[in-house]
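Biologist: I'm new to reading protein models, and I'd like to take a close look at one part of this one. Could you walk me through how two of its helices pack together, and then show me what lies around them?

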Amino acid sequence: MFCIAAFIVLLFMGAVSARYRRYLAKAASCMLRRVTFRPCDTTFKQDLKDHMLAPLAVRRPGLVGPASVVLEVVAFLVVLTTIWSGYVVVESAANLYVYGTCNKQDSASCSLGAEACSIPDQTPTFGESLAAWDIVGAFGNDFVRLGETFSAIPSRMQNWDAETYLPANASYLNGLDAKKPTALEVIDPGCTYCMELFQNIEEAGFDDRQNLSYIAYPIQSATGYKFPNSLLVTQYLEALRLNPLADAKTPVDWQILKRIYTEENAEGVSWQSVLNSTDATEATTLLQDWAQEFGLSRAQVDTVASVAASTEVARIIADNKTLVEERIHTVKIPSIIFDGRRHDGLVSVGDLD
Amino acid sequence: MKHNGLFRRTTPAPIGTDRLADFSYLEPGVVYLDSACQSLRPQPVLDALTEYYTGYNACGGRVKYAWGRRVDDEVAAARQGVLGLLGLSGRHYAVSFTLNTTFGLNLLLQQLPHDRYARVVTSHIEHNSVFLPTMTAAKRLGVPRLVLDRAADGALLYEPAQLERAIVVVNTASNIDGRLLTNLAELVRDTHARGGIVILDAAQSMAHERALLQKTEADAICFSAHKMYSASLGVIIARHELLASLELSFVGGGMVADVREDSYDLLPNDPGALLEPGLQAWAEIIALRQATDWLGQVRPGGRPPAEHLSVLSERLFDSLSDIPNLTVVNAAASPVISVYAPKQDSHRLAVFLSQSGIAARSGYFCAHHYLKDRLGLPPLLRFSLGLHSTTADVDRAHDALARLMKGLS
């Protein structure tokens, strides 16, 4: 273990100082033998330890024994942390490639990918498992996550066609034009980055060039939903899709989304913020008022309200959840599929052009 | 005392111990106890090297200008000095210079004639410089190799019949415990009586145990100048008859009188040149001349070298023997004393001693067969004294090792 630790340390020291490079070859030879379960055929390990312990031996020879044990423990920890670091690097790189985030469990915490609202992984983290003395679970869950990531690599490399993933009753912001390609967003009505993406889409004129549709995906958390009224809004959006207003140039569900993402109340607060901070009753009132404002009669609104609470909408939302998690495999909201790719997180105006 | 570099003469200053002034360049904190590997060089030897390089840096044996003539004179004096140390005559022996003892032994053994010898004889307590070349020589000559025991006093244990047309190759002093080849004269006589030859590894005896070799009739004596206070150089003293019998395969410039397309003539009347192909280490040879002169007149502490070393050896042997949990390999005091601690790694002890400024050797000292294979010992720790050594050095080594042993136990 000491040889391996020495090699690791010398690898870094040798990178910055030629003084240590002459030891590197010895350490490499020693390490190679150790990792292939052969005894180290040089005195390198002993030499290194002895030279480290020599100053102590002269002053307090009685402490050489304990210090030697400490060195072995430190060497073990160096090797352990290096192996773990390597594992984390590989896992992070794979996650970054597949999901656009180095941390699959909390995608927003990774600064390497695009900004987004993360879909929290409900399984305990490595640290949480260890804290609960679930050693097997700590490693098991992590390896399972890594396995999932690797198994998702082929799908990441595929040519993404938005039409393949369109939900039932898909609605299009500017109607369906057979000459235009289709783009599909996965959004949470309460997610700020979804709001920013929508504004970027409008600024880039993306919605004029694409048949833009969406999957509403209310992000769940350990205690419910990440944004308290996202499920309610999603239920209304799906109900409106089931009961579209005839002759509406822009589908009412899209008009509601536009209001949430682009407009403010009289106090200058965005409607998204209002919805995220209000209770369900007020949110329901707002949604119904908006529906009436966009052309629905009171009776139609009542129908939509009834359908929103129906099992049919619940089933559609559940189907969409499965679609997002098991087929699209995204862990970042928003995600948008266009140009043969899946773009995870916020996409800039430039990239939408 | 602060010295200004090994190759500069320093102004002698008062020394706190009775160390020879010729080693005054040694830093006060340093205790060098590895003379069996190579001795420290006294200042006159260093000066001789510097003088050659700065005063008459010429090739020997081939140039006519003044520097070259001086080199030739110095080299001739060096050869004579070596013979003089052992009381040998140039009429019977020639001196050749080479790289070291190992190289010298190989030069002889690998060029011995076929069909003249019936066996190769050596002993278990040999340095690899003897042990390995005797294997290859026996194989090359197609003869058996006999490995004999040595008595506790160092005498080679043999039956006379075992020496029949034998090539006997043994050391005259062990580099492990300093034991001497006490029956050298008898061995040479018995070997010669049966048509054999005796080649000696005198690496450990030339510096401090030359009395054993005085007027020896052995056929060849190989040693290293760097173990006898000179610069790095190998020396072969060989009988003219032996040199004349060699089947030379290692040849080149410096040893030829004339060369034709497919043949050559070697230098006549210069048997020593037969083992000196190529340009020689002139500075080192000249330094050897200085070393032999120095060895002839040096008196450490006002005492003859042998007496000085005897006192120190006894002191070191007694003090090491008193350290608990330490096993002394030597049966008796010697300038070379090896020890080991069954529960401590000797290499570790050497590193720890080095931290205290004490330079001692650890390992098997190129005697793997005897120590590891035959005796089954762990690596040893070796202290070897030189004429630069003092009682203070011995006491410091003892105190440091005793403290380590106490603390590590």
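Modeller: Happy to! Let's start with helix α3 (residues 44–59) and helix α4 (residues 64–99) of chain A, which pack at an angle of about 145° with their axes 10 Å apart. Keep in mind as you look that this is a predicted model. Those two values are a good place to begin, because two packed helices are described by the angle between their axes and the distance between the axes. The crossing of α3(A) and α4(A) is right-handed.

Now zoom in on the side chains. From α3(A) come Lys49(A), Met52(A), Leu53(A), Leu56(A) and Ala57(A), and they meet Val64(A), Ala67(A), Ser68(A) and Leu71(A) of α4(A). Look at the spacing of the numbers along each helix. An α-helix has 3.6 residues a turn, so residues three or four places apart point the same way. Sorted by class, the contact between α3(A) and α4(A) has 7 nonpolar, 1 polar and 1 charged residues.

Helix α3(A) has another role to show you, at the contact between the chains. That contact takes 12 residues from chain A and 12 residues from chain B. On the side of chain A that touches chain B, α3(A) gives the most, with 7 residues. By class, this side of chain A has 6 nonpolar, 4 polar and 2 charged residues.

Let's cross over to chain B. Here you will find an open sheet of 7 strands, in the order β2-β8-β7-β6-β5-β3-β4, with mixed pairing. Its edge strands are β2 (93–98) and β4 (145–148) of chain B, each pairing on one side only. From one strand to the next, the twist averages 15°. Within the sheet, β5 (residues 166–171) and β6 (residues 197–201) of chain B pair in the parallel sense over 5 bridges. You can pick out Val170(B) standing opposite Leu200(B) in β6(B). Helices pack on this sheet too: α2 (residues 66–86) of chain B touches β2 and β8 (234–239) of chain B, and its direction makes about 120° with that of β2(B). Another is α4 (residues 128–141) of chain B, touching β3 (119–123), β4, β5 and β6 of chain B, with its direction at about 165° to that of β3(B).

Finally, return to chain A for helix α8 (residues 192–204). Its 13 residues reach 18 Å from the first C-alpha to the last, close to the 18 Å expected. Among its buried residues are Tyr193(A), Leu197(A), Phe198(A) and Ile201(A). Just after α8(A), Gly205(A) takes a positive phi of about 70°.

Methods:
Residues are numbered from 1 along each chain as its sequence is written. Chains are lettered from A and ligands numbered from 1 in the order in which they are written. This is a predicted model: local features need pLDDT of at least 70, side-chain atom pairs count only at pLDDT 80 or more; totals for chains, interfaces and linings use all residues. Helices (H or I, at least four residues) and strands (E, at least two) are DSSP runs, numbered from the N terminus. The expected span of a helix is 1.5 Å times one less than its number of residues. A residue is buried if 20 or more other C-beta atoms lie within 10 Å of its own, exposed if 12 or fewer, and partly exposed in between; C-beta atoms are placed from the backbone. Two strands pair if DSSP finds at least two bridges between them. Axes are lines fitted to C-alpha atoms, for helices over the stretch in contact, and angles run from 0 to 180 degrees between N-to-C directions. Two residues are in contact if their C-beta atoms, placed from the backbone, lie within 7 Å. A crossing is left-handed if the near helix is turned anticlockwise from the far one by less than a right angle, and right-handed if clockwise. Ala, Val, Leu, Ile, Met, Phe, Trp, Tyr, Cys and Pro count as nonpolar, Asp, Glu, Lys and Arg as charged, and the others, Gly among them, as polar.
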